[in-house]
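Reader: I should like to go through this model and ask, for each label, what justifies it. Please set every value against its criterion.

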Amino acid sequence: MKESHDIIIRVKSQKGTCACGHGVGDEWVIKDYKAPEGICLFAFNALLPFIWALAFGGSLPWEKDPDTATAVCPDGDNPVTFEIRRSGK
């Protein structure tokens with residue numbers, strides 16, 4: 001398997017009331033291909049495509065920084081916006 005980069009997930013913004021209690025500044029590091037403890041699994045599932053792209057050296061053409069991605073949890077009434085960053089950048 002190709003070597004991968006660690007990924008840092010950080011809450012950029014949060015509106016309404018997050019059922020999991022996530023708030024701005026919350027942060028998790030992914031190193032072992034596992035969901036980090038304490039992150040909402042619904043949100044984590046929505047972030048996975050971005051996590052895998054960045055972890056294996058990819059980038060997203062619509063992002064200004066090739067080492068980051070922005071994604072939102074699926075709760076449309078209480079959205080949490082996450083920044084996903086390739087570690088070391």
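Author: Let us begin with one residue pair: Arg-10 stands opposite Glu-27 in strand 2. The model is a predicted one. Strand 1 (residues 7-14) and strand 2 run antiparallel and are joined by four bridges.

Reader: What makes strand 1 and strand 2 a pair?

Author: Pairing requires at least two bridges between the strands. Four bridges join strand 1 to strand 2, so the requirement of at least two is met.

Reader: How do the side chains along strand 2 alternate?

Author: Trp-28 and Ile-30 point to one face and are buried, whereas Glu-27 and Val-29 point to the other and are not.

Reader: Why is Trp-28 called buried?

Author: The relative accessible area of Trp-28 is 10%. Buried means under 20%, so Trp-28 receives that label.

Reader: Why is the pair of Trp-28 and Phe-82 called tilted?

Author: The structure holds two aromatic pairs. In this one, the ring centres of Trp-28 and Phe-82 are 6.4 Å apart, and the planes stand at 45°. Centres within 6.5 Å make a pair, and planes neither under 30 degrees nor over 60 count as tilted. The pair of Trp-28 and Phe-82 is therefore tilted. Trp-28 lies in strand 2 (residues 27-30) and Phe-82 in strand 4 (residues 80-86), so the pair ties together parts that are 54 residues apart in sequence. Phe-82 has 0% relative accessibility and counts as buried.

Reader: What makes the pair of Trp-52 and Phe-56 stacked?

Author: The planes of Trp-52 and Phe-56 are at 25°, with ring centres 5.9 Å apart. Planes under 30 degrees apart count as stacked, so the pair of Trp-52 and Phe-56 takes that name. Trp-52, at 37% relative accessibility, counts as partly exposed. Phe-56 also counts as partly exposed, at 24%.

Reader: How do you know that Cys-40 is in no disulfide?

Author: The nearest cysteine sulfur to that of Cys-40 belongs to Cys-20 and is 3.8 Å away. A disulfide needs the two sulfur atoms within 2.5 Å, and Cys-40 is accordingly in none. Cys-40 counts as buried, at 14% relative accessibility.

Reader: What of Cys-73 and its closest cysteine sulfur?

Author: The closest cysteine sulfur to that of Cys-73 is in Cys-18, 6.4 Å away, which is too far for a bond. Cys-73 is buried, with a relative accessible area of 12%. By this rule the count comes to zero disulfides.

Reader: Which residues have the most contacts inside the largest nonpolar core?

Author: That core has 22 residues, and those with the most contacts inside it are Ile-7, Ile-9, Leu-47, Ile-51, Phe-82 and Ile-84. Strand 1, strand 2, helix 1 (41-55), strand 3 (68-72) and strand 4 each supply at least two of its residues. Helix 1 gives the largest share, seven residues. Leaving aside residues up to four places away in sequence, the contacts of Ile-7 include Trp-28, Ile-30, Ile-51, Leu-54 and Ile-84. In soluble globular proteins, nonpolar side chains tend to be buried together.

Reader: Why is the contact of Arg-10 with Glu-83 called a salt bridge?

Author: The closest N and O atoms of Arg-10 and Glu-83 are 3.6 Å apart. A salt bridge requires such atoms within 4 Å, so the label applies to Arg-10 and Glu-83. The pair links distant parts of the chain, with Arg-10 in strand 1 and Glu-83 in strand 4, 73 residues apart. Arg-10 counts as partly exposed at 27% relative accessibility, whereas Glu-83 counts as buried at 16%.

Reader: Which other salt bridges does the search find, and how many are there?

Author: A search of the whole structure finds four. One of them joins Asp-67 to Arg-86, with the closest N and O atoms 2.8 Å apart. Asp-67 lies in the loop between helix 1 and strand 3, and Arg-86 in strand 4, 19 residues apart. Asp-67 counts as buried at 15% relative accessibility, and Arg-86 counts as buried at 6%. Glu-83 and Arg-85 also meet in a salt bridge, at 3.7 Å from N to O.

Reader: What joins Arg-10, Asp-65, Glu-83 and Arg-85 into one network?

Author: Salt bridges that share partners join these residues. Arg-85 counts as partly exposed, at 22% relative accessibility.

Note on methods: Residues are numbered from 1 along each chain as its sequence is written. This is a predicted model: local features need pLDDT of at least 70, side-chain atom pairs count only at pLDDT 80 or more; totals for chains, interfaces and linings use all residues. Side-chain values use heavy atoms; hydrogens and water are left out. Rings of Phe, Tyr and Trp (its six-membered ring) pair if their centres lie within 6.5 Å; planes under 30 degrees apart count as stacked, over 60 as edge-to-face and the rest as tilted. Buried means under 20% relative accessible area, exposed over 50%, partly exposed in between (1.4 Å probe, protein chains only). A nonpolar core is a set of buried Ala, Val, Leu, Ile, Met, Phe, Trp, Tyr and Cys residues joined through side-chain atoms within 4.5 Å. Contact means heavy atoms within 4.5 Å. A salt bridge is a side-chain nitrogen of Lys or Arg within 4 Å of a carboxyl oxygen of Asp or Glu.
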